[in-house]
Amino acid sequence: MNIWIFHHYGSPPTMSGLTRPYHFAKFLRERGYKSTVFSSAYLHYSNENLIKNKAQYLIHQEDKIPFVFIKTAEYKKNKLSRIFNMYSFYRNLFPVTKSYEKENGKPDVILASSAHPLTVIAGIKIAKKYKIPCICEIRDLWPESIFEYGSLRKNSFFGKLLQAGEKWIYKKVDKIIFTMQGGYDYIIEQGWQNVIPKEKCFYINNGVDLEAFDYNRKNYKIEDEDLDNDSIFKVVYTGSVRRVNNLRIIADTAKELRENSNIKFLIWGGGNELEELRSYVESEGLTNIVFKGHVEKKYIPYILSKSDLNLIHCKQTNIMRFGSSENKTFDYLASGKPILRTIKTGYDIILESNSGKCLEEQTVENIKGMVLDFYNIFTEQRNIYDEMCHNARRTADKYDFKVLTDKLIEVIEL
């Protein structure tokens, strides 16, 4: 079976992007399936353009997996230019897939991932042309997430238009895969259950390639005096340092804990708020929180495994009631260290597996109290701490991409 995967931000691990389509393609290949990933040549997370000439697409082989990088418009901070980038990916998918099909054969199924809905619309139209199924993967609840962040009013004309388009997509695709466990709860809340049956909907969360994770942990180590300091309790965050991540509250928590010299926050990641937070930490004279900056992803497994507590933190939103699918959750679980999630979510994997703890309300006082609780467990109740470590790694086994690929195959073959 020949599977085409449409994912605007998909990339192999050697590039800056989302690797879920790569992992699926890798393990699909091991099971005898052929798959190709179509994604944008303009890399969202590094602002690098892989196509520097007039070519409409570039074929890149990674571990015998073909990536077709499609030429799209570039963008920086301008929202309109980013929208045009999305539209150009949608528009160019049609001629590029037509050209690719002439040399490589027709697909048997299309898996279109909704980093934005235009990708799925292209998937529906191209699948109809080939008279094959289109499976829609919902990673973000568009346009609900736009309403949630206040970028658009739900009852506005454009808001209602987007909701109508979303319903149309769900009706037209053959199957829907939600990365959040409460995806069908969302369908029910919208009142669409009569036209979108539950039998059409499936749940496959994000995951981790455990074999690759363990290899990187062993072979890509980083020298860092804080990580190597066994006399401190290390609270580690890895990820973006942007305003949406709301890391100022973590810096304020460190400020409240400054008298406890045994606890230190280590923040790995880059973003548009990094220098501002570094300046704030310096102005406050804080030495118990360090912003380490960007690091290559291959070093993340080692960093997490040297931590004593891994921190999942971002801005709390109501949309999280449908569940969570952050990529970092599964890297954190694979590290075999306890997790503190500072946000409340539905269908919480961490709480259900006793791999850590989560806050009901995100405040400096609550984060401070929970960090101290973990520190006390670490120093005084080591059996409880070690049990959470064991539970974390055991839970990661359930979300290994080998396991998730088997679930994907079941959906494809139904």
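**Close-up 1. Helix α3 gives the second largest pocket the largest share of its lining.** That share comes to four residues. Keep in mind that this is a predicted model. Two elements, α3 (117–130) and α5, each give two or more residues to the lining of this pocket. As for volume, the second largest pocket holds about 170 Å³.

**Close-up 2. Here's who lines the second largest pocket.** The list runs Ile124, Lys125, Ala127, Lys128, Ile132, Cys134, Trp168, Lys172, Val173 and Asp174. Sort them by class and you get six nonpolar residues and four charged ones, with no polar residues in the lining.

**Close-up 3. Now zoom in on Asp174, one of the residues lining that pocket.** Asp174 sits in the loop that runs between α5 (157–172) and β9 (175–178). Is Asp174 buried or exposed? Neither label quite fits: its relative accessibility is 42%, and because partly exposed covers the range between under 20% (buried) and over 50% (exposed), Asp174 counts as partly exposed.

**Close-up 4. Which residues does Asp174 touch, leaving aside those up to four places away in sequence?** They are Ile132, Pro133, Cys134 and Lys200. Look at Cys134 in particular: the side chain of Asp174 reaches its backbone nitrogen at 2.8 Å. Ile132 and Cys134 also turn up in the lining of the second largest pocket, along with Asp174 itself.

**Close-up 5. Step back to see Asp174 and Phe67 together.** Along the sequence, 107 residues separate the two. In space, going from C-alpha to C-alpha, Asp174 and Phe67 are 24 Å apart.

Notes:
Residues are numbered from 1 along each chain as its sequence is written. This is a predicted model: local features need pLDDT of at least 70, side-chain atom pairs count only at pLDDT 80 or more; totals for chains, interfaces and linings use all residues. Side-chain values use heavy atoms; hydrogens and water are left out. Buried means under 20% relative accessible area, exposed over 50%, partly exposed in between (1.4 Å probe, protein chains only). Contact means heavy atoms within 4.5 Å. A polar contact is a pair of N or O atoms within 3.5 Å; within protein, one must be able to donate a hydrogen and the other to accept it, and residues adjacent in sequence count only if both atoms are side-chain atoms. On a 1 Å grid over the protein atoms alone, a cavity is a set of points where a 1.4 Å probe fits but cannot get out, and a pocket is an open set with protein on both sides within 12 Å along at least five of seven lines; lining residues have an atom within 4 Å of a point. Grid points are joined across faces, edges and corners, and a volume is the space filled by probe spheres set on the points. Ala, Val, Leu, Ile, Met, Phe, Trp, Tyr, Cys and Pro count as nonpolar, Asp, Glu, Lys and Arg as charged, and the others, Gly among them, as polar.
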